Amino acid sequence: MKVTENMLLTDILDMEPDPTEVFLRHGLNCLGCPGARSESLKEAADGHGIDLAKLMNDLNAFMEQE
């Protein structure tokens, strides 16, 4: 399954393999964050000043290689 900007953070974090390390590398400590249940990837990236395209590329590359 490909990660998209409209996916909820919790849905992405529940994917296998566990993408937590990719989030952490980008400065998103989403585990345990209340916003993770209601925020999309785009909303989280915008809210934290993170390059959404780079984050999505890294997440999808990680998911493909594992």
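## N60 in helix α4

In this predicted model, N60 sits in helix α4, which covers residues 52-65. With a relative accessible area of 11%, N60 counts as buried, because the cut-off for that label is under 20%. Setting aside residues up to four places away in sequence, N60 touches K2 and V3.

## The largest nonpolar core

Let's turn to the core. The largest nonpolar core has 21 residues, and I12, F23, L41 and L59 are the ones that touch the most other members. Two or more residues come from each of α1 (9-13), α2 (20-25), α3 (41-48) and α4. The biggest contributor is α4, with six residues.

I12 gives a good view of how these pieces meet. Beyond its neighbours within four places in sequence, I12 is in contact with V3, M7, P19, F23, L41, L59 and M63. V3 thus appears again, as a residue touched by N60 and also by I12.

## One face of α3

Which residues of α3 are buried? They are L41, A44 and A45. Looking down the axis of α3, you will find these buried residues within an arc of 95°, so they line one face of the helix. The spacing fits a handy rule: an α-helix has 3.6 residues a turn, so residues three or four places apart point the same way.

And what do the buried residues of α3 pack against? Their partners are α1, α2 and α4. Just after α3 comes G49, which has a positive phi near 65°.

Definitions and conventions
Residues are numbered from 1 along each chain as its sequence is written. This is a predicted model: local features need pLDDT of at least 70, side-chain atom pairs count only at pLDDT 80 or more; totals for chains, interfaces and linings use all residues. Side-chain values use heavy atoms; hydrogens and water are left out. Helices (H or I, at least four residues) and strands (E, at least two) are DSSP runs, numbered from the N terminus. Buried means under 20% relative accessible area, exposed over 50%, partly exposed in between (1.4 Å probe, protein chains only). Contact means heavy atoms within 4.5 Å. A nonpolar core is a set of buried Ala, Val, Leu, Ile, Met, Phe, Trp, Tyr and Cys residues joined through side-chain atoms within 4.5 Å. The arc is that of the directions from the helix axis to the C-beta atoms.
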